[in-house]
Amino acid sequence: MATLPSSVAAQSSAQPNPTQLEGCYLRNISEQVRCGKIMVPENYDRPDGRQIPINFAVLPAVSESKAADPLLILAGGPGQAATELAAMIDRIFKDVRRKRDILLIDQRGTGKSNPLSCEVDHMDELVKNDDDVQLDQMAGECLARYDETDLTQYHSVNAIRDFERVREHLGYQQVNLYGGSYGSRAGLVYMREAPESVRSAVLDAVAPVQVVVGPFGKHGAESFDKLLTRCRESSACNSEFPNLEETYRNVLQQLENDPVPITVPDPLSNEATDILVTAGRFTGVMRVSLYHPTTRQMLPYVINETAQGNYEPLLGLMGGVMNQSQLYMGLMLSVLCSEDLPRATDELLASDGDNDFIGSRTGDAFVDMCSVWPQAPRPDSWFEPVQSDIPTLLLSGELDPVTPVAWGEIAAETLSNSRHLVATHGSHTIVGHTCANKLAGQFIDHNDLSKLDDACLTTAAKPMPFVLNANGKGL
């Protein structure tokens, strides 16, 4: 596929000036930052057709003598809105912001960029049995809200076209990329489609374009097996929770046979409500809790308490999951149902579901939802390995339940100027819970992969202790 036209040579060498944008406030950031919108074609093949807004925000560099190339954040999901992650990004990349603007662009279909949101009544769903939750019906109801929207135009390549329009609008000649999870795939697409616009890239929790995203049973099971092993190797954890694997499987089987109805405070509103603890909800909380070391290290305790009929710790984790940043389901389905699920063969889905952790639940869910969602064939070239000599830092967590270390190694094979660093005790998107954010900042500053000392990710890193009781005691 031909790369996007570059206007770098035609741009002025003058310093970009985002202060010309409107002042605005983003959630949990006390200072005023700069915001704006541009209009782009929904369908780039019909430039005079329907136009949609692309929303963005600039967190201005602290230094007045700032570098000309900002850090552009590519949000994950797919379905997260970059501007809604502003406070977290500002915290993680505070060192980068001393010298560089941080540019947040809501991918089309998220945030304020023609959002494809589908509000779900979680409490209504929580009283149903797993088999009674009709995901295809839920997706169909979401679809009905967007009968005037060409959902097949909400894909990764058009997202990069939009980002390029914003870059040109702001006058940046080049950007540095940070992409986490699905954002790492968007970063690879950016490097392929507009290489002249990218000075460097940091790709965290790498999802290469040639792999299928969506079915996560196999990788979740591998991550959970590592948790079981580490608990057995910890004298305190093994003493407190012997036979943890058997306990987990017994709980899962019991909930498969007899879901448990309980009345509890709503995890969000604290009002008394009835919910049904099912095998699907139990495994869903287990899987998502593996994403971060803090919740990961609570799982032995939560499993043990659930086995004893105490559901409060499980519900506490469930509330944390529900409080995570909003995911725009319409955008997620528009991307995955046309870019990934068509490549999920029966053999791949069967292999992914062949595990004792969550089985085929994630793959089955996407198959059901995509069965009603509009799809369009995508060129085979979209899924060929991205080849690039752009300086690229690849980051992986050894314990990641979604994007395994092997995926980072796959991406590195065709990135001739890359280095792959692995956090021994890291999980998903390691800039948020290891020293990887410092390493990323150093790399973006000097653009020299050889100067990075990764000891803080490996030999100097220590695992978080397991939580052993309700008081938070851990060893």
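In the predicted model, ring pairs join Phe 224, Tyr 248, Phe 282 and Phe 357 into a cluster. Across the whole structure, a search finds 6 aromatic pairs. One of them is formed by Phe 224 and Phe 357, whose rings are stacked, with 4.6 Å from centre to centre and 20° between the planes. Phe 224 belongs to helix 7 (residues 217–233), whereas Phe 357 lies in the loop between helix 15 (346–353) and helix 16 (361–370), so the pair ties together parts that are 133 residues apart in sequence. Both partners can also be placed with respect to the surface: Phe 224 counts as buried because its relative accessibility is 3%, and Phe 357 is likewise buried, with a relative accessible area of 2%.

The loop that carries Phe 357 also contains Asn 355, which lies between helix 15 and helix 16. Asn 355 counts as buried, at 15% relative accessibility. When residues up to four places away in sequence are not counted, Asn 355 touches Gly 217, Lys 218 and Ala 221, and helix 7, which spans residues 217–233, is the helix in which Phe 224 lies. Asn 355 and Ala 460, by comparison, are separated by 105 residues in sequence and by 33 Å in space, taken from C-alpha to C-alpha.

The nonpolar interior was examined next. In soluble globular proteins, nonpolar side chains tend to be buried together. The largest nonpolar core of the model has 71 residues, and those with the most contacts inside this core are Leu 103, Leu 177, Tyr 190, Met 191 and Leu 333. Helix 14 (residues 329–339) supplies the largest share of the core, namely 7 residues. For Leu 333, with neighbours within four places in sequence left aside, the residues in contact are Ala 139, Ser 338, Phe 366, Met 369 and Trp 373. A second core, separate from the one just described, has 36 residues and includes Leu 85, Leu 393, Cys 435 and Leu 449.

Burial can also be followed along a single element, helix 12, which comprises residues 299–307. Of the 9 residues of this helix, 8 are buried, so helix 12 is largely enclosed by the rest of the structure. The buried residues of helix 12 are Leu 299, Pro 300, Tyr 301, Val 302, Ile 303, Asn 304, Glu 305 and Thr 306. Helix 12 is followed by Gly 309, a residue whose phi is positive and near 90°.

Charged side chains were considered both in salt bridges and in relation to aromatic rings. The structure holds 19 salt bridges. In one of these, Glu 31 is paired with Arg 97, and the closest N and O atoms are 2.9 Å apart. This pair links distant parts of the chain, since Glu 31 is located in the loop between strand 1 (22–24) and strand 2 (33–41) while Arg 97 is located in helix 2 (residues 94–97), 66 residues apart. Glu 31 counts as partly exposed, with a relative accessibility of 34%, whereas Arg 97 counts as buried at 6%. Arg 97 forms a further salt bridge with Asp 90, for which the closest N and O atoms are 2.9 Å apart, and Asp 90 is buried, with a relative accessible area of 19%; the cut-off for burial is under 20%.

Another salt bridge is formed between Glu 168 and Arg 167, with the closest N and O atoms 3.7 Å apart. In this pair, Glu 168 is partly exposed, with a relative accessible area of 29%, and Arg 167 counts as buried at 1% relative accessibility. Through shared partners, salt bridges join Glu 31, Asp 90 and Arg 97 into one network.

Arginine side chains are also found over aromatic rings, as two cases show. The charged end of Arg 108 sits over the ring of Tyr 154, at 5.4 Å from the ring centre, and the charged end of Arg 343 sits over the ring of Phe 383, at 4.0 Å from the centre of that ring.

Finally, an unreviewed UniProt entry carries the annotation "domain: Peptidase S33 tripeptidyl aminopeptidase-like C-terminal", which covers residues 358–456. Over residues 358–456, the chain is 29% helix and 12% strand, and the C-alpha atoms at the two ends are 33 Å apart.

Notes
Residues numbered from 1 in each chain as written. Predicted model: local features only at pLDDT ≥ 70, side-chain atom pairs only at ≥ 80, totals over all residues. Heavy atoms only, no water. Core = buried A, V, L, I, M, F, W, Y, C linked by side-chain atoms within 4.5 Å. Buried < 20%, exposed > 50% of the residue type's maximum accessible area, 1.4 Å probe, protein only. Helix = DSSP H or I, 4+ residues; strand = E, 2+ residues; numbered from the N terminus. Contact = heavy atoms within 4.5 Å. Phe/Tyr/Trp six-rings, centres within 6.5 Å; stacked < 30°, edge-to-face > 60°. Lys NZ or Arg CZ within 6 Å of the ring centre and 35° of its normal. Salt bridge = Lys/Arg side-chain N within 4 Å of Asp/Glu carboxyl O. UniProt positions renumbered as here; feature names shortened; annotations may be inferred.
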